[in-house]
Amino acid sequence: MNRIVSGVLAALLLLITTVKADKGSVSFQNKEFKMSCPESGDWYKGETKTKINETTQDLTLKYDDSKGKGSNKGHYYCQYNEYVDATTPTIYQFYVRGKVCDNCYELDGSTLGVAIVLDLTVTGLVILLVYFYAKRKNSAGPTPTKGPAQAAGRDAPPVPPATDYEPLNHLTRGQETYSALNR
């Protein structure tokens with residue numbers, strides 16, 4: 001029972017800690033990364049304000065992780081025309097740094113939670129299957145018989161119990177300390 005409670009709490013903890021950004025995001029897939037700005041805007045890299053791309057909402061670039069240097073890692077931002085005040089446009093900033101590979105798969109919390117719940121469900125079904133199969137196999141033995149039928153009515157005397165044990169033979173009993181019956 002304690003394992004079940006621990007498993008349920010762990011699954012709930014995984015589902016609770018899954019947080020998704022409300023506005024922009026960065027996601028890695030294989031050797032590419034994709035940045036999403038809340039709205040369409042101009043993309044820039046680094047403090048030098050080097051313009052990367054035309055006005056888009058999403059920007060996908062190849063991530064170069066050769067020798068751990070990562071030429072694409074660093075500071076990016078998109079600038080779009082939702083003005084904070086009369087003259088300053090909104091800037092949404094990103095910092096990209098990661099490790100990539102050709103056959104990587106990103107595992108998010110909800111996928112892991114579903115896998116855990118599915119595993120627990122299948123395990124429970126296997127346990128029930130084994131239980132019912134074992135119960136059916138053992139029930140093929142002789143069925144216990146009921147005692148003699150009682151006489152009808154409330155005033156009938158109770159039926160004496162059947163003697164389940166044979167009385168001990170005093171000739172075959174040992175004479176050790178605990179074999180004698182003290183009355």
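Mentor: Before we look at any residue, keep in mind that buried means under 20% relative accessible area, exposed means over 50%, and partly exposed is whatever falls in between. The model in front of us is predicted.

Trainee: How should I read E32: at 33% relative accessibility, what does this residue count as?

Mentor: The value for E32 is 33%, so this residue counts as partly exposed. Its salt-bridge partner is K62, with a nitrogen-to-oxygen distance of 3.4 Å between the side chains. The two residues belong to distant parts of the chain, since E32 sits in strand β2 and K62, 30 residues apart from it, in strand β3 (residues 50-62). K62 has a relative accessibility of 58% and therefore counts as exposed.

Trainee: How many salt bridges does a search of the whole structure find?

Mentor: The search finds two. Besides E32 with K62, the side chains of D58 and K34 meet at 3.8 Å, again taken from N to O. This pair also links distant parts of the chain, with D58 in strand β3 and K34 in strand β2, 24 residues apart. D58, at 36%, is partly exposed, and K34, at 34%, counts as partly exposed as well.

Trainee: With which side chain does the side chain of S36 make a polar contact?

Mentor: That contact is made with the side chain of D58, at 2.9 Å. S36 lies in strand β2, and with a relative accessibility of 14% it counts as buried. Once neighbours within four places in sequence are left aside, S36 is in contact with several residues, including G24, S25, W43 and F94.

Trainee: Let us turn to the disulfide: which residues form it?

Mentor: In general terms, a disulfide is a covalent bond between the sulfur atoms of two cysteines. The structure holds one, formed by C37 and C78, whose sulfur atoms are 1.8 Å apart. Because C37 lies in strand β2 (residues 32-45) and C78 in strand β4 (residues 74-80), the pair ties together parts that are 41 residues apart in sequence.

Trainee: Why is the disulfide of C37 and C78 described as right-handed?

Mentor: The torsion about its S-S bond is about 70 degrees, so the disulfide of C37 and C78 is right-handed. C37 counts as buried at 1% relative accessibility, and C78 is buried too, with a relative accessible area of 0%.

Trainee: Which residues make up the largest nonpolar core?

Mentor: That core has twelve residues, among them C37 and C78, together with aromatic members such as F33, W43, Y76 and F94. Strands β2, β4 and β5 (90-96) each supply at least two of its residues, and the largest share, four residues, comes from β2. For Y76, leaving aside neighbours within four places in sequence, the contacts include F33, M35, I52, L61, Y92 and V96.

Trainee: How many aromatic pairs does the count come to?

Mentor: As a general idea, a pair of aromatic rings is described by the distance of the centres and the angle of the planes. The count here comes to five pairs. One of them joins Y131 and F132, with 5.3 Å from centre to centre and 65 degrees between the planes, an edge-to-face arrangement. Y131 is partly exposed, with a relative accessible area of 46%.

Trainee: Which residues form one aromatic cluster?

Mentor: The cluster consists of W43, Y92 and F94; W43 and F94 also belong to the largest nonpolar core.

Note on methods. Residues numbered from 1 in each chain as written. Predicted model: local features only at pLDDT ≥ 70, side-chain atom pairs only at ≥ 80, totals over all residues. Heavy atoms only, no water. Disulfide = S-S within 2.5 Å. Buried < 20%, exposed > 50% of the residue type's maximum accessible area, 1.4 Å probe, protein only. Salt bridge = Lys/Arg side-chain N within 4 Å of Asp/Glu carboxyl O. Phe/Tyr/Trp six-rings, centres within 6.5 Å; stacked < 30°, edge-to-face > 60°. Polar contact = N/O pair within 3.5 Å; in protein donor to acceptor, adjacent residues only side chain to side chain. Contact = heavy atoms within 4.5 Å. Core = buried A, V, L, I, M, F, W, Y, C linked by side-chain atoms within 4.5 Å.
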